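User: Please work through this model with me in a series of questions and answers. I should like the reasoning set out before each result.

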Number of protein chains: 2
Amino acid sequence: MTKSLVSTFLPCVDWLKTYNTRTLSDDLLAAVIVTIMLVPQSLAYALLAGVPAEVGLYASILPLVLYTVFGSSRTLAVGPVAVASLMTASSIGALGLQTQAEYLQAAMILALLSGLFLLVLGILRFGFLANFLSHPVVSGFITASGIIIALSQVRHILGIQADGDSLPHLLTSLAANMGSINGPTLWVGLFALCFLFASRLWLKTLLLKFGITEFVASLITKAAPVIAVLITIFWATLAELGEQGVALVGEIPAGLPVFAFPGFDLFLFRELLIPAILISVIGYVESVSVGKTLAAKRRQKINQNQELIGLGTANIASAFSGGFPVTGGFSRSVVNFDAGAQTPAAGFFTAIGIAIATMTLTEYLALLPKATLAATIIVAVLGLVDFSILKKTWNYSKNDFIGVAATLVMTLLAGVEIGVSVGVAASLILHLYKSSRPHIAEVGEIKGTKHFRNIKRHKVETSPDVVSLRVDESLYFANASYLEDEIFRILGERKQIRHIILMCTAVNEIDISALEVLESVNEILRQEGIGFHLSEVKGPVMDCLENTHFLANLNGQVFLSQYQAVHSLQMEDTLLSL
Amino acid sequence: MTKSLVSTFLPCVDWLKTYNTRTLSDDLLAAVIVTIMLVPQSLAYALLAGVPAEVGLYASILPLVLYTVFGSSRTLAVGPVAVASLMTASSIGALGLQTQAEYLQAAMILALLSGLFLLVLGILRFGFLANFLSHPVVSGFITASGIIIALSQVRHILGIQADGDSLPHLLTSLAANMGSINGPTLWVGLFALCFLFASRLWLKTLLLKFGITEFVASLITKAAPVIAVLITIFWATLAELGEQGVALVGEIPAGLPVFAFPGFDLFLFRELLIPAILISVIGYVESVSVGKTLAAKRRQKINQNQELIGLGTANIASAFSGGFPVTGGFSRSVVNFDAGAQTPAAGFFTAIGIAIATMTLTEYLALLPKATLAATIIVAVLGLVDFSILKKTWNYSKNDFIGVAATLVMTLLAGVEIGVSVGVAASLILHLYKSSRPHIAEVGEIKGTKHFRNIKRHKVETSPDVVSLRVDESLYFANASYLEDEIFRILGERKQIRHIILMCTAVNEIDISALEVLESVNEILRQEGIGFHLSEVKGPVMDCLENTHFLANLNGQVFLSQYQAVHSLQMEDTLLSL
């Protein structure tokens, strides 16, 4: 018992037991590759989040160690990611803070609140809540965020000032500042963009032609951003781009982050609570979907509640080491997986790699043009943009289409927080609306099969005085009166009805509001001399009904099967008419 | 077409066609009785809402005329009611307005916004929205409101100052002012309370003993508040109670209300929008449930959307004639019905009655002690308080119990607006939570019946290599991954499984999120060499699936019935093993 509890809350205990030199070397190799990829990514996402470059590096050290200890995915690579960074910038930007120090404090508080929220959800086993973010909402949100993120980086390519966290703001801001484009910045930016796009499209094929193995070719392609970084640092140094108005990353303090307490500021805590919850939930959903996909490939499992704890502690660690919100990244985790990472120890070694980079490389990174980082971000996020979901949902179900479209449009027009909130609300309301007007089919027997189907879709036998209705939904407060109206509508149309059978195959719950409606329907039918019967009532529903007077007062019977119901009622009527 | 459109939007056209002297005399009698009852009620609810007495009378004239024209219930009696008046006082009180004129303007704006909201909902045919207020929420809310209303009137009985719109506030405020009880007020209040309670308990039996007919005895009992009003006016005049510190209704301007425009005040419009929506929705639900109950007794129907239009126009009329929010009242409508009202014309005649009272009786009503009105309210609302719903839901379903308890407790502790919001949110969340963890039963055939039921509840036949799962819920974003986990859990436990059949009797929808999960399950099962089949898929679900590649890629078949599925798969396996 104690042992299983330990391995539930500390998944590392499990994999440490079987750790050996073979897994160690696999993890080390993966860590080296992920470190090389993560250095420019950390700097880029810090730029996107609006914090100094070193904050991106800090967020890639301690959080990874905590996730190694508490996370349940074997190969998820944690750190700063695009969408969470955009949301960080957008939510702190809305506060209108004056100084860099305040902005940094807000970023740490955002990480702290996100971490605490995730941790509490995990301890309360509330992982299921993430299921309420539907696939259409997530798809629409990611596509719209990708567009906003790419557009928000255009200013760094052009070397102009511009801001905004929605499409209209960004476009007007960019248009207004078009006059002050910086030539050298534009050249660096366009070079980096072209280089990265070209690498993505052709580098791998080219390398394969040169006889390089698939594995190495794929890794070199993934390392293209590092090559772009090296080339543009070299360019900036030789051409003294800094003197020509090209924005460089600038001085980065060398050395590891020191323990930092975010400080208690009631205003910031209150204002950042909702953004923190949204960042956590979005980050968690992104993370879990990557983790699940990768785990399934190796027949492993991830534990949703443990993931909450892993990501929660990682964010708290980020807050206390001067970082900002982190989560599991998609491309990074795939690289980690492909590079052969076997256990979360790869994340720990990556943290060591980033720590070494932070201590040794900052002098060179200071000379990196911001345009290069912007190009890295643009190329990465445009891979997230995918409009095919619109077509797919349009063909499949209009409700799902509305979910995608509402999230996409609202995110673009009103920003990430409103976009995702509207999306979730729209999904839930559409689902509830649909269940409040359930499909009610009149059914009859398909001759000789004892099987009852919709009279409108199948050739079936019915009897004029027995009506069988199948309600295709649980009966609950939102749809109970709809059923009542439907029964009385049918009664009004056909005067010869002597029995109504409610076929309950699809009724998974009858709540007390619906029970009251059924009681009143039963009472009215009794007065009219019409029998009211139930068939195929499920066990859990029957258990509930047996606690009430409903069955005792029922002006009819409860039948195990629809077939029994129809045939005993017809038999009874025949006997009575003799 | 035009004709049916007219009678849809103007239900009065229908009943006016058959109007005759017989219905006229029935309606006139009912109108006289309702008028006598409504005069003290209008004054009392004006007191509760915090507006001058005449506003209560104004709200009982023009709104009734509009409801006569647009309402769809034959016997609903519209006017000021207890809960809406409490909500009016609570929402305007929260604004901290300084003058009586501002308070009155706010009351008119509240009526205007409520009216517009209801009217728009009605025109958009959104009557179904009211179904989302579940029976537990409404019961809990009405009981808690009754307690708060009764307690809010205690100050008038004691002749002290006190305020608050929640239990803690009211109790502390009453306790703090206990020192300044006014003796004569207390006597009048206690007399009115005892008189009204005694009438309610014994007056009818007493009158019956004196040989008075049931009908007349019942009407006299209902008129008890009028008798209390007459007695205390007489008492106040003789004993000059006004000089002894007893609060009287005071001067009421004689004459009909004049057309008044609420005036456009952006602050008030914005602050009162949410309260107006809540008052409308609660008032509408109260009204429709009374209307439905009474209509069912005479085999009539009410039209939910038309009710929205009727109540909407009534509230707009209230706003423009110096009134405050109105709706259909429970006790008043029952009296109207029992007194024999046949058509909404009874409401029109009641409006004339109130208009006459407003022109002639105000001089006498000015001498009425407020304590009498407070006693009327207390006795009326205590009839609404009913805790039995707690016991009933506790026995029936814990989810429903939580709905009642949350609404009840939050309304008492935090006031009406928060109470009802929490209640609605709790009902929806519980419903969604339940549907996110659906009941999944493994089923087998009840021998010789072609009928498949839960293996845990029935004696059934199963085969070790075919597993049939019945999911008792539609598959949608919130529960799709739960099903996936369950399938893999069963696969992990039983290695000999060769086919999985998903019995879809209770699956009323498969949304795109669930479809993606089914596609991934299908893919994994294909790799494992396990067949994945569906049975008893409903027509609307099949229509959706046929638009996708899912059926083409399915590693198995779709069977019309579960029986066919099991037997063809067993047959195939037998043939294969030969």
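Analyst: Two residues are taken to be in contact if their C-beta atoms, placed from the backbone, lie within 7 Å. The model is a predicted one.

User: Which residues does Ala82(A) touch, not counting residues up to four places away in sequence?

Analyst: Ala82(A) belongs to the largest nonpolar core, where it is listed with Leu48(A), Ala107(A), Leu110(A), Ala375(A) and Ile377(A) as touching the most other members. With residues up to four places away in sequence left out, the contacts of Ala82(A) are Tyr45(A), Leu48(A), Ile149(A), Ile377(A), Ala380(A) and Val381(A).

User: Which helix gives the most to the largest nonpolar core?

Analyst: This core has 134 residues. The element of chain A that gives the most to it, with 14 residues, is helix H3 (residues 21–49). Apart from this core lies another, of 133 residues, including Phe141(B) and Leu368(B). The helix asked for is H3 of chain A.

User: Is strand S6 (residues 499–503) of chain A largely enclosed or open?

Analyst: His499(A), Ile501(A) and Met503(A) point one way from S6(A), while Ile500(A) and Leu502(A) point the other way. Side chains in a regular strand alternate between the two faces of the sheet. Five of the five residues of S6(A) are buried, so the rest of the structure leaves this strand largely enclosed.

User: What is the bridge partner of Arg470(A) in S6(A)?

Analyst: Strand S5 (residues 466–471) of chain A pairs with S6(A) in the parallel sense, over five bridges. In S6(A), the bridge partner of Arg470(A) is Met503(A).

User: Why do the buried residues of H26(B) lie on the same side of the helix?

Analyst: Helix H26 (residues 562–577) of chain B reaches 23 Å from its first C-alpha to its last, close to the 22 Å expected. Its buried residues are Gln562(B), Ala565(B), Val566(B) and Leu569(B). They are on the same side of H26(B) because they cover an arc around the axis of only 90 degrees.

User: Which residues are exposed on the other side of H26(B)?

Analyst: The buried residues of H26(B) pack against strands of chain B, among them S3 (440–446) and S7 (531–535). On the other side of H26(B), the exposed residues are Met571(B), Thr574(B) and Leu575(B).

User: Where does the largest share of the side of chain B that touches chain A come from?

Analyst: The contact takes 51 residues from chain B and 51 residues from chain A. Several elements of chain B each supply at least two residues of its side, including helix H8 (135–158) and helix H21 (416–436). The largest share, six residues, comes from H21(B).

How values were computed: Residues are numbered from 1 along each chain as its sequence is written. Chains are lettered from A and ligands numbered from 1 in the order in which they are written. This is a predicted model: local features need pLDDT of at least 70, side-chain atom pairs count only at pLDDT 80 or more; totals for chains, interfaces and linings use all residues. Helices (H or I, at least four residues) and strands (E, at least two) are DSSP runs, numbered from the N terminus. The expected span of a helix is 1.5 Å times one less than its number of residues. A residue is buried if 20 or more other C-beta atoms lie within 10 Å of its own, exposed if 12 or fewer, and partly exposed in between; C-beta atoms are placed from the backbone. The arc is that of the directions from the helix axis to the C-beta atoms. A nonpolar core is a set of buried Ala, Val, Leu, Ile, Met, Phe, Trp, Tyr and Cys residues joined through C-beta atoms within 7 Å. Two strands pair if DSSP finds at least two bridges between them.
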